[in-house]
Amino acid sequence: MDHVTQVRPDIHGSYSGNSGKSNMIGSNNTIKITNMLPDMTNFGAGNRGDTSEVGDGVHNRIAPHGLGGSGKTQIALEYVYQCASFREIGQRIRIPLARAAVEEVELLRSIRRWFEGPNSGDRILVIDNADNDADFVGINSPIAKFIPQGARGTVIFTTRSRLVASRQGCKMIEVGKMEEEDAQELFSKRVGSGYIFGEGEKKAIRMILASLHHLPLAIIGAAAFMTETETSPSAYWTILRESDVQAKRLLSQEFCDIQREVDEPESILGTYFTTFNRISQQMPRAMQLLRLISCLDRHNIPEELLRQSGLEEMDDSVEFRRVIGKLLGFSLLAIVKGEEKTFYELHRLVQLSLQVYLPTKELKQARVAALKMVSRLFPQEESEQRSVGPIYIQHALVVSKDSTGRIAEELCFRMGQYFQAKGSNENAEIQFRRCIALRGKGKDYEWDNEGQGSFRLPGGEAQIGGGTNMMVKIFQNLLGIPTRPMSQSCADMLKHMNILAVVLKDRGKYDESETMHRRALESQEKLLGPDDPDTLTSTNNLAAVPQAQGKYDESETMHRRALESREKILGPDHPATLTSTNNLAAVLRAQGKYDESEALHRREWGWSKKILGPDHPSTLTSTNNLALVLGTQGKYDESEILHRRTLESREKILGPDHPATLTSTNNLAAVLRAQGKYDESETLHRRTLERREKILGPDHPSTLNSTNNLALVLGAQGKYDESETLHRRTLERREKILGPDHPSTLNSLSNLALVLQDQGKYDESETLHRRELERSDKILVPDHPPTLISTNNLALVLGAQRKYN
């Protein structure tokens, strides 16, 4: 027995003409007959047919099968030569007409026997809308018992149900979406020949048809609305993509199609309601799962998520297969095979239709259940987030979008951690702000939500709280608390703000980051005391802000204070103490205090290997930082060895595209450049730049670092034109994003001046060197290493112009 591919609901009856309905057959099933033999090589239109041989030698049965509105009935009727009801057949072969129900049943049985006999000849029997499983469950079920048996003639079922087609032994033929050319032709016929569309309108039509998945009934409905309301395709497309709310309103507009036997107008989304009713009646548990699925992102729904949904018996393999089979059998879901996992996809029109079909209370309950499910399964640990996060993140964004409460808050926090670990700081900032805003709405806080901000999430716009006004109120409230043990809610709030401030620093929003860090630190010193571990964490993180701005003296002072306190309170080998040691060593390296920096890095590296292990992410960070300070001192061989070891471990543990891995690739390339190994250095820099542009975007600070470093190695090889182009691009973007006085901007200014100098463009080079030195003198101390380098570079270009004095 062959198998079907898709299901589709069609709630209406027979074709126009002389076809009729038999009351005994049921209101949604029409039996039609013709004397024409089927030629299955020409079945259907275009490539929709299946040219393989029909039947298995016992029954010739075919089942066009697919979503509602996909055109199953029209295809079957196109194939039929003429139509007649069972009663008309009875008249034609002179079987007495029945008056009572019992006699009518006998009439149908008599007609069936006639079909099975030698006098009926060849015939085609069409049973339309054969969707109710109970009517076809066996040869004695309400409708199946009247269907002729044997090899004589052909029976065509149009059905949404794979089960009906399978149990009736049908050759199943998928009726899916139309080809784009056919869809455009159908649309053109429906809007009429009086319309002439320009290129803009034609593009809008293509977008509309694609959004409607080229389903015939949806195309007819859209064309009807445009024609009846004189709406242009571009205007219709604007409404359709404005929001899900507007799309549901638009697709719920009623229309009539004279080629479908309907007693009342229908809508595009209403086409699916009959299928939902049918599933609710046949298998309520399948409808429960479908409600839950409708609240997720409709793409790439992992099977494991549904298996662990918490719905009754979904963890039972047999019951799950029955339930998911029902949804697949009605073509409401489609299977998407991954490399090792199974995913499902929900048709967009089905999702919108479900959200219209479900009562508000049920939809709200489903959304709460979906939020709990995804929050329960979205991992907390970074190692798990790396593997599971990409699978669940889109679903987490959808279920948390308009949700409130602690579950949503915790999920937003974990999503923020996930995005931060990936280096996607813009998305991390969005989620941490949402987390804080949701915490601010909790019972510990009295004020209304203020400071609404618009943030772009993947998949659309979301209005969320947590702007500057709200942050200020939160800090004022915390600072106003009398000195007493801090509630866990307040402690969590300050931790969330501290993490948000770190993300703001990484995005170059230094003023806001510093303000938030200082306010959080002030609150923690008052409520927890200056030596509390959380207070010292805030001190450490605040020190990183002036460090990123090149204010190294201020940063060094704060790092020394944090390290001293942590050594005293936590001990020299505590992970937090090691973090402070590393950070102090880094700011010393930036000031050219290489000996002390190297000593601290070696001490911290040794402790990390002993306590955490050589391949722990924190230990690998220590290895990377020690390699950096060795490279700045010209100890290239040891630096290269450590960078290669770090890169190898990070690629193995974190993957090739993790931000930390790309940092190692960049740093190894830099030390290779310093040794004159330009070919390998250029290859690594190009690889790093390509991946960072793809993952982080072209304007991310790390991407700009890669652009700068690639330009340096190109300049070292005499490839001045490309080097100059890259340096100009980096300078332009850094000035725009980081500001003209940021250390990275000044670095780009210097590097561009140097490559111009190498090309003999001394005038512009001198101008840039003077500008860079002027700004360095303004924001850095005179004997600061970068300032001394700037002075040296200006002297070189002056010497090249023979301005010897």
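**Arg589 and three other helical spots**

Leaving aside neighbours within four places in sequence, Arg589 touches quite a list of residues in this predicted model: Tyr594, Ser597, His601, Asn625, Leu628, Val629 and Thr632 are in contact with Arg589. Arg589 itself belongs to helix H24, which covers residues 575-590. Here is the odd bit: Arg589 is buried, yet has no salt bridge. The nearest side chain of opposite charge belongs to Glu598, and that one sits 11 Å away.

Next comes Glu567, a residue of helix H23 (residues 552-569). Its relative accessible area is 33%, so Glu567 counts as partly exposed. Once neighbours within four places in sequence are set aside, Glu567 is in contact with Pro572, Thr577 and Arg603. As for Thr577, 10 residues along the chain from Glu567, the two C-alpha atoms are separated by 6.0 Å.

Helix H32 (residues 743-758) has 16 residues, and at 1.5 Å a residue these should span 22 Å; the end C-alpha atoms are 23 Å apart, which agrees. The buried residues of H32 include Leu746, Leu749, Leu752, Val755 and Leu756, but also polar ones by name such as Ser748, Asn751 and Gln757. Just after H32, Gly760 adopts a positive phi of about 80 degrees.

Finally, Ala795 lies in helix H34 (residues 785-800). With 45% relative accessibility, Ala795 is classed as partly exposed. Ala795 and Asn805 are 10 residues apart in sequence, and their C-alpha atoms are 9.8 Å apart in space.

Note on methods:
Residues numbered from 1 in each chain as written. Predicted model: local features only at pLDDT ≥ 70, side-chain atom pairs only at ≥ 80, totals over all residues. Heavy atoms only, no water. Helix = DSSP H or I, 4+ residues; strand = E, 2+ residues; numbered from the N terminus. Buried < 20%, exposed > 50% of the residue type's maximum accessible area, 1.4 Å probe, protein only. Expected span 1.5 Å × (residues − 1). Lys, Arg positive; Asp, Glu negative; His and termini not counted. Salt bridge = Lys/Arg side-chain N within 4 Å of Asp/Glu carboxyl O. Contact = heavy atoms within 4.5 Å.
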